[in-house]
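Biologist: Please take me closely through one part of this model, the salt bridges, and set that part against the rest of the chain. I would also like to hear how confident the predictor is.

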Amino acid sequence: GNFGVWSEIDGSLATQGNPGGVTLAQADLRYVQGTPELFFNFRGGMMAPEGIGASDQWFSDGGIPLMDRLSAIYNQDTLATPFGAMGTPELGAEFGFNYLDSHLTLGIYNGFNGTSGSLAAATTNQTGGVSKDFKVQLDQFVGDLGVVTAMVYHGSIPLQDPITGSTFSWTDTFNTGRLYLTSYAIPGKLDVLAGLGVASNQFTYTTTAAAGTFVSEGAFLGGMYYARPHLNLGARYDVYRYATQATSSPSVANGFSIQVSAPFENNLFIASYDTVFSEQPNAGAEVIQGLDHNFKVVWRFLY
């Protein structure tokens with residue numbers, strides 16, 4: 001009929017840089033109405049992001065791009081950028097309008113908050129009713145050449161004090177823009193992947209400490225080579241530039257990711273390695289932590 005349910009459970013082995021375990025990655029209810037040329041759709045529940053351009057989840061298993069992975073650094077914890085790919089799903093609802101090769105999605109979500117007590121990137125969590133985040137996304141197919149995913153994400157997140165971790169002391173109002181491209185360079189054999197991203201986080205302190213603004217921008221270029229029916233090889237190069245109100249010029253980080261995946265019927269086996277191989281922080285800027293030499297093995301089973 002018109003209804004469907006989609007759920008994902010991910011299991012990964014404990015390897016260097018990855019604790020391993022089994023997690024519920026997504027669970028939502030879906031509805032669609034219309035014709036193949038013009039239709040409306042809805043999904044609601046615990047949702048990971050979906051896109052057709054290079055933001056899609058299958059490559060994020062090879063290491064989320066730096067511009068989507070790093071947190072703001074301004075003397076407080078905050079979230080991992082909540083889109084493309086989202087590190088942790090959010091509860092929410094999305095409404096879609098689809099006409100031929102154009103797919104427009106409007107979303108509303110319940111928000112993230114930082115929970116870590118250190119200055120490193122915080123763990124993200126769902127917070128029921130604390131804040132509302134909004135997304136506008138367009139997936140546009142360009143004939144047989146490829147597909148573009150463009151999005152704007154806006155929201156407000158309560159942040160905990162990084163020292164005590166006991167009270168919500170900051171409010172982070174953020175605006176994120178992303179543009180992803182998948183080009184079918186050699187149809188059925190080689191996809192070229194690219195992405196651009198900009199983000200602004202405006203921090204307001206609710207009691208006594210200083211507020212601040214965190215701005216960042218990044219890009220990546222990579223590809224996926226379909227070597228055999230059950231063997232895919234992927235690689236990606238990342239550049240990420242970030243600064244805070246306290247620095248006069250941005251810091252720059254570079255990284256890369258490689259991936260080997262073996263799809264077989266309902267199973268997808270993935271081995272990936274990613275690292276930050278160079279970084280040039282300015283005085284007063286915190287270096288990127290916990291992103292060096294990460295190796296991960298994942299088994300995804302579709303039932």
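Modeller: pLDDT is the predictor's confidence in each residue, on a scale from 0 to 100. In this chain the average pLDDT is 74, and 65% of the residues reach at least 70. The model is predicted, and local features are therefore described only where pLDDT is at least 70 and side-chain atom pairs only at pLDDT 80 or more, whereas totals for chains, interfaces and linings use all residues. Residues are numbered from 1 along each chain as its sequence is written, and side-chain values rest on heavy atoms, with hydrogens and water left out.

Two stretches call for caution: over residues 72–87 pLDDT stays under 50, and the model gives them 73 contacts beyond four places in sequence, a contact being heavy atoms within 4.5 Å. Over residues 113–129 pLDDT likewise stays under 50, with 55 contacts beyond four places in sequence.

As a setting for the salt bridges, the chain contains two helices and 16 strands, which are DSSP runs numbered from the N terminus (helices H or I, at least four residues; strands E, at least two). Of its 303 residues, 44% are buried, where buried means under 20% relative accessible area, exposed over 50% and partly exposed in between (1.4 Å probe, protein chains only). Among the contacts with a separation of 6 or more, 56% are between residues 24 or more positions apart.

The structure holds six salt bridges, each defined as a side-chain nitrogen of Lys or Arg within 4 Å of a carboxyl oxygen of Asp or Glu. Asp28, Arg30, Arg43, Glu94 and Lys135 are linked in a network of such bridges. Within this network, Asp28 meets Arg30 at 2.7 Å, N to O; Arg30 is partly exposed, with a relative accessible area of 23%, whereas Asp28 is buried at 3%. Asp28 also forms a salt bridge with Arg43, at 3.3 Å from N to O. Since Arg43 lies in strand E3 (residues 38–47) and Asp28 in strand E2 (residues 21–34), the pair ties together parts that are 15 residues apart in sequence. Arg43 is itself buried, with a relative accessible area of 4%. Another bridge of the network joins Lys135 to Glu94, with 3.0 Å between the closest N and O atoms. Lys135 is in strand E8 (residues 133–142) and Glu94 in strand E4, so this pair ties together parts that are 41 residues apart in sequence. Both Lys135 and Glu94 are buried.

Strand E4 leads on to a further local feature. In the loop between strand E4 (90–99) and strand E5 (102–109) sits Leu100, whose phi is near 50 degrees, a positive value in a residue other than glycine. Leu100 is partly exposed, at 47% relative accessible area. A positive phi, of about 55 degrees, is also found at Glu265, again not a glycine; Glu265 lies in the loop between strand E14 (251–264) and strand E15 (267–280) and, at 70% relative accessibility, counts as exposed.

Beyond the network, another acidic residue, Asp238, lies in strand E13 (residues 231–244) and is buried at 4% relative accessibility. Leaving aside neighbours within four places in sequence, its contacts include Pro65, Leu66, Phe220 and Phe256.
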